[in-house]
Amino acid sequence: MILLILIVVVFALAGFLVSRKLKSKFKKYSQVALKANLSGAEIAKLMLADNNISDVQVISVEGQLTDHYNPQNKTVNLSPDVYYGRNAAAAAVASHECGHAVQHATSYAWLSLRSTLVPIQNSAGKILNFVLIASIVGGFFIQIPYEIIGFLIVGAYSIITLFTLVTLPVEFDASNRALAWIKTRNIVTPDEYAMSKDALKWAAMTYVVAALAALTTLAYYIMVFFGGRD
């Protein structure tokens, strides 16, 4: 249990530091006005048009760094700072989210797999929460076989870990598409390109930390429940 707490604390701290760095980078690059004088919304619409995508809407959503692409209703959702922003950070985020739209339009295999895993991962999360609560609280009233608890926890966390790993190529590919497009389309200058690339690098690091945390936690559960078996 002490080891699990240590794992949680270490990766929570790592996630906090990466998130803090991402916010500082976004704030810094948000102050750099694009020479092209294009807003994030305009950049997104232009990238979609260049990729012959006409059935995706670009809309503004509340919050900060709440930007995402929704494949179910085909919308590129940009936070106000990105939607209206005319800076290097907005260009990076807007084009990245459109990178996901391009993935969807071209049936990118990793995105298709990730979409398939979404409901399975959600169910695995519910099962994991139920088993953990039942084994701690319910254990006083009902006897749950140790082996069943182990198989359920490891099985559920394996799915969650798989989801975080599949997310990595999806996010990196979206960033690569975005960076290639803003460069060839002359949306950014060389200096602005470097800023956009740096911003997306730190955004990707949040997913890397999540994947490492999931892998480490899964290894812990496997060791606890099955490590002592012959």
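Does Thr 161 count as buried or exposed, and what is its relative accessibility? In this predicted model, Thr 161 counts as buried because its relative accessibility is 2%, which falls under the 20% cut-off for that class. The residue is found in helix H6, and its side chain reaches the backbone oxygen of Ala 214 at 3.3 Å. Once its neighbours within four places in sequence are left aside, Thr 161 is in contact with Ala 214, Leu 215 and Leu 218.

From this single position one can turn to the nonpolar interior. In soluble globular proteins, nonpolar side chains tend to be buried together. Here the largest nonpolar core holds 35 residues, of which Leu 48, Val 58, Val 76, Leu 78, Val 82, Ile 182 and Val 188 touch the most other members. Two or more residues are given to this core by each of several elements, namely helix H1 (2–29), helix H2 (40–50), strand S3 (75–78), helix H3 (80–83), helix H4 (88–105), helix H6 (146–184) and helix H7 (190–226). The largest share, 10 residues, comes from H4. Val 76 illustrates the surroundings of one core member: apart from its neighbours within four places in sequence, Val 76 is in contact with Val 56, Gln 57, Val 58, Ile 59, His 68, Tyr 69, Glu 97, Cys 98 and Ala 101. A second core, separate from the one just described, has 16 residues and includes Leu 128, Ile 153, Val 154 and Phe 225.

Helix H1 can be followed along its own length. H1 has 28 residues and reaches 40 Å from its first C-alpha to its last, close to the 40 Å expected at 1.5 Å a residue. Its buried residues are Leu 4, Ile 7, Val 18, Leu 22, Lys 25, Phe 26 and Tyr 29, and what covers them includes H3, H4 and H7.

Phe 225, already met in the second core, leads to the aromatic side chains. With a relative accessibility of 11%, Phe 225 counts as buried, and together with Phe 151, Tyr 157, Tyr 220, Tyr 221 and Phe 226 it forms one aromatic cluster. The model has six aromatic pairs, including the tilted pair of Phe 225 and Phe 226, whose ring centres are 6.5 Å apart and whose planes lie at 55° to each other.

Aromatic rings also take part in arrangements with charged side chains. Arg 177 lies over the face of Tyr 108, at 5.4 Å from the ring centre, while the charged end of Lys 183 sits over the ring of Tyr 193, 5.3 Å from its centre.

Conventions
Residues are numbered from 1 along each chain as its sequence is written. This is a predicted model: local features need pLDDT of at least 70, side-chain atom pairs count only at pLDDT 80 or more; totals for chains, interfaces and linings use all residues. Side-chain values use heavy atoms; hydrogens and water are left out. A nonpolar core is a set of buried Ala, Val, Leu, Ile, Met, Phe, Trp, Tyr and Cys residues joined through side-chain atoms within 4.5 Å. Buried means under 20% relative accessible area, exposed over 50%, partly exposed in between (1.4 Å probe, protein chains only). Helices (H or I, at least four residues) and strands (E, at least two) are DSSP runs, numbered from the N terminus. Contact means heavy atoms within 4.5 Å. A polar contact is a pair of N or O atoms within 3.5 Å; within protein, one must be able to donate a hydrogen and the other to accept it, and residues adjacent in sequence count only if both atoms are side-chain atoms. Rings of Phe, Tyr and Trp (its six-membered ring) pair if their centres lie within 6.5 Å; planes under 30 degrees apart count as stacked, over 60 as edge-to-face and the rest as tilted. A charge sits over a ring if NZ of Lys or CZ of Arg is within 6 Å of the ring centre and within 35 degrees of the ring normal. The expected span of a helix is 1.5 Å times one less than its number of residues.
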